[in-house]
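Subject: The structure I promised you

Hi,

Here is the structure we talked about, so please open it and keep it next to this email while you read.

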Amino acid sequence: MHTAMSQSPPKFYLTTPIYYVNARPHIGHAYTTIVADVIARRSRAQGVDTWFLTGTDEHGQKIERSALAAGVPPQQFTDQVSETFREPWRRMGITNDDFIRTTEPRHKQGVQKLFLAIKEAGYIDLQTYTGAYCVSDETFVDVEPGSPCPECGNITEVLSESNFYFKLSAFQDKVLALIESNELLIEPDTLRNEVLSFVRGGLKDLSISRTSIKWGIPVPGHPDHVIYVWLDALANYMTAVGYGSDAPEDLEKFNRYWPADLHLIGKEIARFHCIYWPAFLLAAGEKLPKKIAANGWLLFHDSKMSKSKGNVVRIETILDAFGTLCPATPLLSPSPQVSSFAKGGGPASSLLSSRSEAKGSAVAFGISVGLQPHELATENEGALAPAPPTKAQQDLFASDVLRYFLLREVPYGQDGNFSLEAMVTRYNADLVNGYGNLVSRTLTLASTQFHSDTVCPAEPWACQEFEANPEDEKTSVVEMQSGTASVIAEICNLANVDFDFYMRQTEFHLALTEIYSRISVVDGYLSWHKPWKLAKSTDGPDRKKLIEILYTAAESIRIITALLYPILPYATASVWRQLGLGDIEEAARTGQLKDLQWGGLKPGTRLGPLAPIFPRADKGLTAIMMQMEQDQNTPISHANAAHDAATSTLSEFPEMSLASATVPHEQSVVPSVESVVSTSPSDASPQITIDDFAKIELRVAQILVAERIPKADKLLRLEVDLGYEKRQILSGIAEWYTPEELVGRRIVVITNLAPRKMRGLESHGMLLAASTEGGKPHLATFADSAQLPLGSRLK
Ligand code: ME8
């Protein structure tokens, strides 16, 4: 057995805290869980046998009282609330391998075994103690009973009990040595120092049983005592991987995964994890975890986001609101098969892989595909017609945005203010204008350039130097150097190393900063070489240049996308498919996302069907989310009978009524933010609701440029100004309007129409015009349009 183990691949066992089920989860809980998921995904992609555990902490006085207040038996109560934690993790595609509940038999038997092991080693005895007890923290504290708890400020109660005591004091030196030597790593450093000074201040023995509480695990042989909730809770990290069971597969699992490599926690529970837990394990003769890393607090309105303060932001708000931006996914199959995620995780991979079956579009990098533009259009608009996103896809998309924001905005280990407005701003700045824009400008150009190329050889994909434009006097030497393909290649190879360095240090914000500096360099490279200006040449040196530039950009995107995968699993899956590389989950499993080297994108790779990645978020989204948060205590109009049934038993516990209010995902809680992605138009003009109308975004725009398109008699190419952005729109009005009479006119544009391609050009939006059958379309306009700011919305 030991020989076999030494040959097995490396393992990595990581955990989150198990969350109390006395209230519904909020984005503070999501934060720690997201960090764990990012680390787990990255670890798996590195080929490491990874086990990721989360769960719920369901015993103790706090839970007992919450159940009482809700008027339901504790077991029923914890069953309901535990589900409200599983639910958001599922929606977010969290890939936990197991979910432990402390009320499960496997956990109970493990906790009792641990208690006995410590007792048999001589570290537990029975004593009587009277003191101040903090119910909120489930711990005796060193203050006068009735005065506030020094940790959380809640009023303590007097408690006198004959309890089992754990000889914590006997472990003071050992725990100190462990931490000082970094055998037990604690991060961040500031927290390590706090823990060290706490230990140096002296450790007192710890009461580890209660007779005043019924809702817990009985002390073996003493049914009137239940085991202290923190000993019970901490033991989950072992019981979940088989401790306490004699079944051979459990023993094997325990030997394989224990000790944990990383316990992720919030900083307020450091004492329990960094002092009590190692001491319990030392006493029981078990191996110690290797590292404990704590995140700081997410603050909302400048204080810790917490259920007791009520200043929380719900995960559902973020998912429902950002989910509306989720773009359509191009499909080949009209009804994709959706299977469930294999290892207890989210549905991301299966949803995406069902789509990855889609054969490549008519676009190929540098090889012959021999399709004419009109054939391309047919294929794009027919078999590859985009399907509106499912609710599951919307959730995964929104989850990406939350993941990105939390990791980029808050330096891990520090406190950070959470703001909905900052989230929308960062989304637009980094994901829309940064990564998303780089991908679409590159792939759109590649798709329009290479589709009808019948002669382009594969060979020019190899990196070949060509001079930066020396005529441009404004170009600095740095710009000229970074303008060459080999420099970009080097920068991307280095990105791999730098990103890895910061990810290992859990400095996610710095890892992402590294990525973003690369995105800017590649963006600068494109702007400098202006490949769209070379686009007209079909052979010769310009053509060669064009191919090299686009390859360089696309290959940079491949590397950046592989690095971003653990943080943006949904969006990177889409980009991976569009690059023609198939299913990113498969790529992660087969090692294609590790040890990235320039040149991995093979010449001749066929692009997949293109699709938008990150549509722009309207500033109004912040207001919508705020409204959703405000509305959380008002009845949900759409909620159905299932919701009523779920909440009826909890009506005396208002916080819990919402915790159990599982609104079916097919329905949006707030109608005004329902998906804006349109389905196919109907000829029959059925009645629509005001909500349907609200889906159509009409805005005032001004025509800046109008020009004819060669060989297209009916089409005009327009550039319109929406105030907040400029767009290209193709319109079939060439028979009735000359370009000259259009420039300068203020018109109405449907702005949230999915972009489509005509004659190889992208059209993003539509003009509003009225016409009789076959007659001249009269453009909708305003009598007093000069007073209207561009971009004003029509309602
Ligand atoms: O403490 N900012 O459970 P809990 C950042 N059951 N992280 C936050 C946060 C915030 N505002 N709010 C919550 C318990 N968290 C025990 C743990 S483990 C053996 C037992 C995260 O429901 C953070 O990880 O109070 C914190 O430690 C955890 O949720 C607390 O969850």
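Below is what turned up, starting with the ligand and then moving on to helices and a few backbone details.

Before anything else, keep in mind that this is a predicted model.

**The ligand**

Start by finding the ligand, which has 26 residues around it. The closest of them are Ile 18, Thr 32, Asp 57, Glu 268 and Leu 298. Thr 32 is worth a click, as an N or O atom in its side chain sits 2.6 Å from an oxygen atom of the ligand. His 29 also reaches a ligand oxygen with its side chain, at 3.5 Å between that oxygen and an N or O atom of His 29. With Met 305 it is the backbone that takes part: one of its polar backbone atoms is 2.8 Å from a nitrogen atom of the ligand.

**Helices that pack together**

A quick bit of background: to describe two packed helices, people give the angle between their axes and the distance between those axes.

Let's go to α21, which covers residues 540-564, and look at two of its partners.

One partner is α19, residues 508-529. The axes of α19 and α21 come within 11 Å and cross at roughly 170°. An angle over 145 degrees counts as roughly antiparallel, so that is what α19 and α21 are. Their crossing is left-handed. On the α19 side, the residues in contact include Leu 512, Ile 515, Val 522 and Tyr 525, and among those they meet in α21 are Ile 549, Ala 553, Ile 560 and Leu 563. Sorted by class, this contact has 11 nonpolar, three polar and two charged residues.

The other partner is α22, residues 569-578. Here the axes come within 9 Å and cross at roughly 150°, so α21 and α22 are roughly antiparallel to each other. The crossing of α21 past α22 is left-handed. In α21, look for Ile 557, Arg 558, Thr 561, Ala 562 and Leu 564, which meet Thr 572, Val 575 and Trp 576 in α22. The residues of this contact are five nonpolar, two polar and one charged. Leu 564 is a nice one to highlight, since it is in the contact with α22 and also in the contact with α19.

Now jump to another pair. How do α6 and α11 pack, in angle and in axis distance? The angle between α6 (residues 172-180) and α11 (residues 270-284) is about 115°, and their axes are 10 Å apart. That is why these two are described as roughly perpendicular to each other. This crossing is right-handed. Lys 174, Val 175, Leu 178 and Ile 179 come from α6, and they meet Cys 274, Ile 275, Pro 278, Ala 279 and Leu 282 in α11. By class, that gives eight nonpolar residues, no polar ones and one charged.

**Backbone details**

Which residue in the loop between α6 and β7 should you look up? Try Asn 182: its phi is near 65°, a positive value in a residue other than glycine.

Then there are two cis peptide bonds to find. One runs from Glu 187 to Pro 188, with omega near 0°, and Pro 188 is in the loop between β7 (185-187) and α7 (189-200). Another runs from Trp 258 to Pro 259, with omega near 10°. You'll find Pro 259 in the loop between α10 (248-257) and β12 (262-266).

Have fun clicking around!

Cheers

Definitions and conventions
Residues numbered from 1 in each chain as written. Predicted model: local features only at pLDDT ≥ 70, side-chain atom pairs only at ≥ 80, totals over all residues. Heavy atoms only, no water. Axes fitted to C-alpha atoms, helices over the stretch in contact; angles between N-to-C directions. Helix = DSSP H or I, 4+ residues; strand = E, 2+ residues; numbered from the N terminus. Parallel < 35°, antiparallel > 145°, perpendicular 65-115°, else oblique. Left-handed = near helix turned anticlockwise from the far one by under 90°. Contact = heavy atoms within 4.5 Å. Nonpolar A, V, L, I, M, F, W, Y, C, P; charged D, E, K, R; others polar. Near = heavy atom within 4 Å. Polar contact = N/O pair within 3.5 Å; in protein donor to acceptor, adjacent residues only side chain to side chain.
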